[in-house]
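Here are some notes for a colleague who is opening this structure for the first time. They are set out as numbered points, to be read beside the sequence and the model.

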Amino acid sequence: MAAAIPLSLLVLLLLGPGGWCLAEHPRDSLREELVITPLPSGDVAATFQFRTRWDSELQREGVSHYRLFPKALGQLISKYSLRELHLSFTQGFWRTRYWGPPFLQAPSGAELWVWFQDTVTDVDKSWKELSNVLSGIFCASLNFIDSTNTVTPTASFKPLGLANDTDHYFLRYAVLPREVVCTENLTPWKKLLPCSSKAGLSVLLKADRLFHTSYHSQAVHIRPVCRNARCTSISWELRQTLSVVFDAFITGQGKKDWSLFRMFSRTLTEPCPLASESRVYVDITNYNQDNETLEVHPSPTTTYQDVILGTRKTYAIYDLLDSAMINNSRNLNIQLKWKRPPENGYIHYQPAQDRLQPHLLEMLIQLPANSVTKVSIQFERALLKWTEYTPDPNHGFYVSPSVLSALVPSMVAAKPVDWEESPLFNSLFPVSDGSNYFVRLYTEPLLVNLPTPDFSMPYNVICLTCTVVAVCYGSFYNLLTRTFHIEEPRTGGLAKRLANLIRRARGVPLL
Amino acid sequence: MAVTDSLSRAASTLAAVLLLSFGSVAASHIEDQAEQFFRSGHTNNWAVLVCTSRFWFNYRHVANTLSVYRSVKRLGIPDSHIVLMLADDMACNPRNPKPATVFSHKNMELNVYGDDVEVDYRSYEVTVENFLRVLTGRIPPSTPRSKRLLSDDRSNILIYMTGHGGNGFLKFQDSEEITNIELADAFEQMWQKRRYNELLFIIDTCQGASMYERFYSPNIMALASSQVGEDSLSHQPDPAIGVHLMDRYTFYVLEFLEEINPASQTNMNDLFQVCPKSLCVSTPGHRTDLFQRDPKNVLITDFFGSVRKVEITTETIKLQQDSEIMESSYKEDQMDEELMEPLKYAEQLPVAQIIHQKPKLKDWHPPGGFILGLWALIIMVFFKTYGIKHMKFIF
């Protein structure tokens with residue numbers, strides 16, 4: 001009897017927390033996404049984003065249970081009273097002119113900007129401690145951030161998350177352009193992901209492929225967001241982004257066909273079991289059923305259209321959580337193929353050999369309508385041998401003009417001419433069909449100023465050297481080889497001098 | 001009667017003696033077992049691996065350090081117990097034809113950089129000051145945990161240094177140097193603060209033996225790749241990468257360590273035999289006079305591995321559910337919903353607001369000591385020259 005009561009109590013206790021457990025829904029969620037964008041220059045950009053949203057008020061104490069949100073960053077937020085944190089590591093530069101506008105660009109090196117809560121009293125001290133802690137987490141030299149490279153912007157870098165008032169006193173911004181990004185920064189970044197690099201999209205993150213790129217940028221963004229449409233409470237959002245641009249010539253060997261395997265040397269096998277959404281978006285704006293310029297394997301079942309960064313774009317969606325996608329073939333390897341090869345049909349280049357033959361470059365180009373095409377060649381100036389200079393070297397040296405041979409479509413069809421009947425000016429070039437006419441144009445010759453030595457210098461050098469040799473060497477020679485003896489000063493009148501003169505002439509000793 | 005008494009007493013004493021002897025034999029047997037269990041007296045392992053050279057042509061020093069890092073990790077020492085200092089970045093160097101790799105064998109057989117590497121001090125942080133601070137523990141309070149050597153008096157520490165050195169010094173990044181006397185003093189500080197149980201010091205530089213000549217603290221064993229007056233040579237260049245990949249001494253040490261696993265019983269005498277003069281061209285040296293145990297009793301895994309003594313138990317332990325925290329967190333959820341004001345996102349570029357904001361006035365600070373001192377001097381000189389009586393004309 002007495003034992004039954006504690007037993008029942010025990011049972012109740014055991015059921016109690018279990019009961020709460022069943023009623024509680026998961027309070028954090030993970031969404032992962034990969035966007036593959038073929039760029040106008042033939043390269044491919046891949047942008048990964050891993051977003052963990054945690055519905056919790058971290059400012060109150062007592063948070064000790066971390067599930068998907070990494071504990072290292074959660075403790076940072078509560079200890080240093082952060083409102084927002086943005087940290088990025090980048091290698092390379094996003095070339096907007098060739099690649100188009102980026103989703104999210106970061107400066108080369110390391111960039112850290114942080115908004116603190118209004119409850120922080122000594123912002124500079126918190127900033128210094130925060131940068132030290134982050135340098136330990138991400139294995140970077142962020143401890144070099146101090147007052148010499150920190151600023152407080154007054155107008156830009158407004159908070160990207162929820163903010164009721166923005167007193168810029170609580171903002172700090174620093175950039176370390178000398179910071180290098182390498183595998184030692186990627187390893188702790190990967191360890192913050194819930195599925196690490198074992199499942200889902202993160203299996204593609206292999207360092208030896210990710211760093212063999214023209215642009216590599218990895219970032220961590222933490223900010224408070226609205227939990228629901230009413231926006232009465234806060235959720236914390238952690239976004240980890242990684243953007244890379246694969247170069248067509250380095251990794252693609254000049255071909256513009258891409259596949260996940262060629263880019264990352266891996267394929268996707270299974271989704272991350274902790275993710276509520278796991279998708280791959282491929283930009284197929286150039287994909288047109290009729291023209292068939294770009295082909296995507298496997299064929300997309302769903303597409304997404306929207307105005308992104310000012311232009312209307314279409315994306316093919318591959319959902320890893322969709323069982324049909326993965327079950328058909330145990331792995332998912334998305335391939336992009338360009339159907340019609342682009343303009344450059346023929347290039348012939350014969351490099352020069354010194355004093356033997358010149359450069360020869362021949363290209364067959366199809367010029368698009370209503371456009372300007374520029375062809376340029378870089379050259380360096382070298383020094384010639386002194387006998388190879390012309391007598392007037394300051395005039396410069398000539399480079400032969402370029403030749404443009406073109407078939408221009410004509411507005412009116414011409415009929416074939418009889419060479420004997422027609423005037424001479426119409427029979428310069430043979431015409432095969434009347435729809436276009438042949439023309440050969442030349443550019444101006446180029447006059448290049450080569451570095452010219454000073455030809456008067458040998459003469460100057462000889463004069464100077466001879467003077468120096470004569471004065472110095474001659475004096476030394478005299479000093480070393482002549483003997484000196486003392487001569488008495490001569491005393492005597494004019495008569496004596498005359499007599500000595502005559503005696504000297506006769507060869508007789510003097511008086 | 002007395003005979004039986006004495007006989008019984010003798011028998012009892014004999015029995016007692018026998019019992020005692022059995023007991024002592026048993027005790028010494030247990031002691032032997034315990035002895036074997038705790039042979040070396042250390043409970044944890046640390047490693048401090050330092051590469052002190054900068055620039056692409058010193059690729060081999062980074063490869064040296066990374067190969068020791070790889071062996072040490074493979075044999076069980078976790079990243080939290082390794083302080084890795086690399087003075088330059090070779091893997092992602094623009095001159096590296098295979099980014100994110102550092103090779104130790106030509107034909108790119110072994111990538112010692114790997115996929116899971118954590119460098120604690122890198123690039124400009126590798127200085128003599130930081131190195132000595134790590135060893136002695138005198139670091140600024142804001143240093144993160146991964147950059148500290150948190151060893152205690154039961155720690156065995158492995159210290160490996162490589163770079164360019166000379167007779168009595170080691171060069172750090174071509175701009176400063178550490179002398180053998182400073183190093184010996186640092187180790188003595190560590191001993192005084194009881195920061196190590198035993199220490200193994202390995203150095204792979206030219207004239208490396210000069211660096212351990214001055215040690216005077218107990219329990220230190222040292223190895224060097226060359227004697228005073230000799231140069232340590234590099235092993236082999238790789239035509240694709242264009243530089244020498246490893247130094248000879250560390251190359252053969254790596255080969256030796258690749259055959260060690262956490263259970264192996266190889267001892268230090270085998271490590272002393274690695275790389276004889278025929279292979280290394282220089283004469284490796286070692287110093288064991290400060291070390292208390294015999295090198296043949298010291299296992300390689302005492303320093304290079306982290307062999308934990310594990311005792312398996314079959315009892316079960318009950319874990320308690322903490323019901324209070326669950327309840328309070330559930331309540332917290334409900335409280336959150338009651339915030340009245342909806343929150344909003346900030347406008348990214350509020351042009352009107354920016355144009356009309358006033359620049360914040362800088363806080364007024366009273367004049368500093370220098371200005372005050374200067375004025376005091378001027379006033380004092382004035383009154384000394386003209387006398388106090390002129391004050392009435394001023395006031």
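**Notes on the model**

1. The UniProt record annotates residues 369–385 of chain B as "transmembrane region". The model itself is a predicted one. In it, this span of chain B, residues 369–385, is 100% helix and 0% strand. The C-alpha atoms at the two ends of residues 369–385 are 24 Å apart.

2. Chain A carries a nonpolar patch on its surface, made up of A:Ile347, A:Tyr349, A:Leu361, A:Met363, A:Ile365, A:Leu367, A:Val375 and A:Ile377. Together these residues have about 770 Å² of accessible area. Two elements of chain A, β15 (346–350) and β16 (360–364), each give two or more residues to the patch. One of the patch members, A:Met363, sits in strand β16. A:Met363 counts as partly exposed because its relative accessibility is 36%, and partly exposed is the class between under 20% and over 50%.

3. Side chains of opposite charge can pair when their charged atoms come close. Over all chains, the whole structure holds 27 salt bridges. One of them links A:Glu237 to A:Arg223, with 2.8 Å between the closest N and O atoms. A:Glu237 belongs to strand β8 (residues 234–246) and A:Arg223 to strand β7 (residues 215–226) of chain A, so this pair ties together parts 14 residues apart in sequence. Both A:Glu237 and A:Arg223 are buried.

4. A:Glu237 also meets A:Arg239 in a salt bridge, at 3.2 Å from N to O. Is each of these two side chains buried or partly exposed? A:Glu237 counts as buried because its relative accessibility is 2%. A:Arg239, at 25% relative accessibility, counts as partly exposed.

5. In chain B, a salt bridge joins B:Lys147 and B:Glu125, and their closest N and O atoms are 2.8 Å apart. B:Lys147 lies in the loop between α3 (128–136) and β4 (155–162), and B:Glu125 in the loop between β3 (121–122) and α3, so the pair ties together parts of chain B that are 22 residues apart in sequence. B:Lys147 and B:Glu125 are both buried. Elsewhere, salt bridges with shared partners connect A:Lys191, B:Lys73, B:Asp79, B:Asp116 and B:Glu118 in one network.

6. Some backbone angles deserve a check. Most residues other than glycine have a negative phi, and most peptide bonds are trans. The peptide bond that runs from A:His297 to A:Pro298 is cis, and its omega is near -10°. A:Pro298 is in the loop between β11 (294–297) and β12 (302–308) of chain A.

7. Which phi values are positive in residues other than glycine? A:Cys231 has a phi of about 60°, and B:Asp174 has one near 65°. A:Cys231 is in the loop between β7 and β8 of chain A. B:Asp174 is in the loop between β6 (169–172) and β7 (176–179) of chain B. With a relative accessible area of 5%, A:Cys231 is buried, whereas B:Asp174 counts as exposed at 52% relative accessibility.

Notes:
Residues numbered from 1 in each chain as written. Chains lettered and ligands numbered in written order. Predicted model: local features only at pLDDT ≥ 70, side-chain atom pairs only at ≥ 80, totals over all residues. Heavy atoms only, no water. Patch = residues over 30% accessible without salt bridge, like charges linked within 9 Å, V, L, I, M, F, W, Y side chains within 5 Å. Areas by Shrake-Rupley, 256 points an atom, 1.4 Å probe, with all protein chains shown as cover. Salt bridge = Lys/Arg side-chain N within 4 Å of Asp/Glu carboxyl O. Helix = DSSP H or I, 4+ residues; strand = E, 2+ residues; numbered from the N terminus. Buried < 20%, exposed > 50% of the residue type's maximum accessible area, 1.4 Å probe, protein only. UniProt positions renumbered as here; feature names shortened; annotations may be inferred.
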